[in-house]
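User: I have a structure to get through today. Can we go over it together?
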Amino acid sequence: MLSRIRCAALAGLVLCLAACQNDQPPPALTASPEYRVATGTDPHSFAEFEKVRVSHLALDLDADLRARTLSGHVVLSLERPEPGFQRLVLDSRDLDIHDVNAIQPNGDYLPVSWRFGADHGHLGRPLVVVLPAGIEQVRIDYTTSPDAFGLQWLDGAQTSSGKPFMFSQSQPHYARTWVPLQDTPAVRYTFDATVRGPRDLMVVMGAAGNEFERNDTGEYRFHMPEPIPSYLMAIAVGDLVFAETGPRTGIYAEPQWIEAAAEEFDVLEEMVEIGENLYGPYRWGRYDLLVLPPSFPFGGMENPRLSYITPTIIAGDGSLLALVAHELAHSWSGNLVTNAAWRDLWLNEGFTVYFEARIMEALYGREVRDQLARLSWDGLMDTLATADERDLQLVRDLSERDPEQAFMRVPYDMGRFFLDWIEDRVGREVFDDFLRRYFDHFAFQSITSEDFRAYAEQHLVAAAPDLLSMAEIDEWLYEPGLPHIAAAIEPQSDAFVPVDEWREQWLAGERSLDSLPVEEWTVYQWLHFLAGLADQLDAGQMTAMDERFDLVGERNHEILFLWLMRSIEAQYSPGIERLETFLLEVGRNKFTQPLYAALAASEWGRDWAIEVYERARPGYHPLTRQASERALGL
Ligand code: BES
Ligand code: ZN
């Protein structure tokens, strides 16, 4: 295959001889550490990126939807801050490596020694490559496993188009299951890609170059001119069509979803403009959305230039658009200024929840913002009351843990309330100005919480020491739970006060369902109403509510989800029937995990839930399988 390999011409090179003549690793390899612990400054990556750093990838892949593999090669371009350091360590998990070659400055290939280090479970195995002096490019030929954790493969029976579909989910550390690379948010690189798929499907990536129509060659080319961290690498293959929502924005979806999606997301262009007005220019060219099959394990994923979105937010009335605002906001917080490691996740998600609220406020007004804030506060209070003490800090030590564990309400909602608090202390104008400068200053960099702290000290606290102090900021960052001295601002929403009263009155038999003014309720008021009914209803009350509101037939998945939770609590049969079809279709973890957990906790529901899960499992993403099995105690 590699006709350009010229091993013999370099017979003088010990490394090459070792590689060509036997499988024994050369000295540089045997001397390498055992990688029992990760070696870089990111505990979740084996990459020694201080010594050798990937700066560009060139991917050439074939997507085989029958075999469920990506195969081909990647050329890694390297910077070598320590030129004498003769080892390149990459992250990999379940990859079948066929061949590793150094590319010499004259373009010739030089086979080099490589080996896998020990298997570290979810962290995968370090791929250790001997790096001769002067080499700045390495080519790796490989094939992914059909069980690659970062990819989901669906066959035609599992999609709405009847054609197969494949998509990646790389965050936090699954890019290594489909590309051998330095899988840490601390390293950023640009990339090019050529991907071939079946001719009746279209390939898209989180990159420039997505086509607006399927071409007839099956080959697609992409280019990512802005440096990104590996967790933002994204690819998808499916029966996709495109609908424009503005000059810079549009939607990709299977044909069955496209019309409803384009209508639901028609504010996309305006949202980008709002984002720019708030935090400075949108620096990624286009902003498109890819609507995934309902098995997508998240609500959304901020893949640059092409965010991935669950179809479960297509409610018909735009009521769940906060999630789109969220993924768009990541174009600044996260994609532009990235957390250096997963301990600093709040810099990504906390900032993004704050910005999401600002975009929603600009679009729909203060009242909507307050309702959303209150829901987020109530959720945070639940977490603070139940979670382990060591998980309650904004900046958390995750070194011994799966980075999945980083994603809980604390970095999201407590991070957001921290920024609300700063805004309240210094005033919105000052804070907005600070944020715009922060994004400019750290654009396309990966930073730690301590970098943020130092920047805030210099640009906020120094200018206004009477308004806020470093002691307060440190309490927010490093102490568990909400701070005591720097009292957080509890959001209030007038809209929820009457809802609480109506709920109490109805439960006490003092008010009929007919007299509830639901026609005027926002979706957030509905969610607040239903959340407050947890563990309160019997099957008779559920029936009465369904007769009046038809909640089992609800299209809004957030409302439906709460109704299904109430159905489990009340053992309400029509709800349980709906739950079965829901679990067989939807793989969004935010819904499936608590539903399975509630069933598992009930005396009657566990065996039934396991039986439903076994049927649903083939259509679930690996992440949904993992979370569901944990919830069910399997
Ligand atoms: N970056 C996350 C998605 C994610 C979460 C990836 C956990 C890996 C692990 C995305 O931006 C996100 O936060 N999505 C939320 C929606 C948001 C509105 C809170 C989701 O998917 O529910
Ligand atoms: Zn997010």
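User: Which protein donors does the zinc ion (ligand 2) have?
Analyst: This is a predicted model, where local features need pLDDT of at least 70, side-chain atom pairs count only at pLDDT 80 or more, and totals for chains, interfaces and linings use all residues. Residues are numbered from 1 along each chain as its sequence is written, chains are lettered from A and ligands numbered from 1 in the order written, and side-chain values use heavy atoms, without hydrogens and water. The donors are His326 (NE2), His330 (NE2) and two OE atoms of Glu349, 1.9 to 2.7 Å from the zinc ion. Donors are N, O and S atoms within 2.8 Å of the metal (3.2 Å for Na, K and Ca); water is not among the atoms, so sites may look incomplete.
User: How are the donor residues spaced in sequence?
Analyst: The spacing is H-x3-H-x18-E. His326 lies in helix H5 (residues 322–329) and Glu349 in helix H6 (residues 345–364), so the pair ties together parts 23 residues apart in sequence. Helices (H or I, at least four residues) and strands (E, at least two) are DSSP runs, numbered from the N terminus.
User: Are His326 and Glu349 buried or exposed?
Analyst: Both are buried, meaning under 20% relative accessible area; exposed is over 50%, and partly exposed is in between (1.4 Å probe, protein chains only).
User: New topic. What is the strand order in the open sheet?
Analyst: Its seven strands run E5-E4-E8-E2-E1-E11-E13, with mixed pairing. Two strands pair if DSSP finds at least two bridges between them.
User: Which strands stand at the edges?
Analyst: E5 (109–111) and E13 (219–229) do; each has a single partner strand, so one side of each is left without a neighbour in the sheet.
User: And how does E11 pair with E13?
Analyst: E11 (residues 188–196) and E13 are antiparallel, over eight bridges. Ala193 has Phe222 in E13 as its bridge partner.
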